[in-house]
Amino acid sequence: MKLQDMIGLAVFDVEDGKQIGKIHDFMLTADWRITGIELEGKGLFSSHVKMVAWDDIVAYGEDAIMIRNQQAVRKTEAHDIQHTYLLGPGKLKDLSVLTEEGLMLGHISDVYFDQEMGNNIIGLEISDGFVSDIIEGRKWLPCTEDMSIGENAVMVPPLSEQRLEKAIYSVNG
């Protein structure tokens, strides 16, 4: 599954069957794990975000995310969030992907995780620009322990260019 496809999905409380909100973003750690989801609704001048920890998610699919109950929604300080997928200063989307030798592989356009494996990120979809995406398609780079998220780039080990594969899904913008 791709994180971009889940942005905007409805989040439901399984106890009451009530829609709690919609996914606004994902919270991630430096060791390539999803820790939770951020819900829409952060105030313009608020430093808090509404989040649901990954452990409080009962099920997720193509149409909705199911959480235990409304108590699973917590407020957290925005500056306490280490990395996100889509928004904020620590976002992964659009970060450069560089090898340790200084070779630019492209920019992150999406992040993949395997529903069967829980919250581990398994790969990055990399764009090399619009024209290249149209002609060659986007590339997919499997995540490894020796990849690190930096302030301005994701650093990947030498020879990562040889591990690039054609993206699993077609370009969708």
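**Group meeting: a buried lysine and its partners in a predicted model**

With 173 residues, the protein chain would be expected, as a compact globule, to have a radius of gyration near 16 Å, and the value of 17 Å agrees with that; the radius is taken over C-alpha atoms, and the globule rule is 2.2 Å times the number of residues to the power 0.38. What we have here is a predicted model, in which local features need pLDDT of at least 70 and side-chain atom pairs count only at pLDDT 80 or more, while totals for chains, interfaces and linings use all residues. Residues are numbered from 1 along each chain as its sequence is written, and side-chain values use heavy atoms, with hydrogens and water left out.

Let me begin with the overall picture. The protein chain has 3 helices and 15 strands, where helices (H or I, at least four residues) and strands (E, at least two) are DSSP runs numbered from the N terminus. Taken along the principal axes, its C-alpha atoms fill a box of roughly 50 × 30 × 30 Å. Of the contacts with a separation of 6 or more, 51% are between residues 24 or more positions apart, contact meaning heavy atoms within 4.5 Å.

As for the surface, the protein chain exposes about 9,300 Å², of which carbon and sulfur atoms supply 51%; accessible areas come from the Shrake-Rupley method with a 1.4 Å probe, and for residues only the protein chains shown count as cover. Buried residues make up 44% of the 173, with buried meaning under 20% relative accessible area, exposed over 50%, and partly exposed in between (1.4 Å probe, protein chains only).

Turning to charge, there are 15 positive and 29 negative charges, and their mean positions are 6 Å apart. In that count Lys and Arg are positive and Asp and Glu negative, with His and the chain ends not counted, and the place of a charge is NZ of Lys, CZ of Arg, CG of Asp or CD of Glu.

Side chains of opposite charge can pair when their charged atoms come close. How many salt bridges does the rule give? The count comes to 6, a salt bridge being a side-chain nitrogen of Lys or Arg within 4 Å of a carboxyl oxygen of Asp or Glu.

The residue I would like to dwell on is K2, which sits in the segment before α1. Is K2 buried or exposed? At 1% relative accessibility, K2 counts as buried. The side chain of K2 meets that of D110 in a salt bridge, at 3.8 Å from N to O. D110 lies in strand β10 (residues 104–113) and K2 before α1 (3–6), so this pair ties together parts that are 108 residues apart in sequence. D110 is itself buried, with a relative accessible area of 2%.

K2 also forms a salt bridge with E125, the closest N and O atoms being 3.4 Å apart. Here again the pair links distant parts of the chain, since E125 is in strand β11 (residues 121–127), 123 residues from K2. E125 counts as buried as well, at 1% relative accessibility. K2, D110, E125 and R138 are linked in a network of salt bridges. In the backbone, K2 and Y112 are 110 residues apart in sequence and yet 4.5 Å apart in space, C-alpha to C-alpha.

A further salt bridge joins D94 and K91, whose closest N and O atoms are 3.9 Å apart. In this pair D94 is partly exposed, at 47% relative accessibility, and K91 is partly exposed too, at 30%.

D94 also brings us to backbone geometry. Most residues other than glycine have a negative phi, and most peptide bonds are trans. Phi of D94, however, is near 75°, a positive value, and D94 is found in the loop between β8 (83–84) and β9 (96–99). W32, again not a glycine, has a positive phi of about 65°; W32 is placed in the loop between β2 (18–28) and β3 (34–39) and is buried, with a relative accessible area of 6%.

Finally, I would point to W54, in the loop between β4 (48–53) and β5 (57–60), which is buried at 10% relative accessible area. Which residues does W54 contact, leaving aside its neighbours within four places in sequence? They are F26, I34, T35, G36, Y60, F113, G118 and N119. W54 and G118, 64 residues apart in sequence, are 9.1 Å apart in space, C-alpha to C-alpha.
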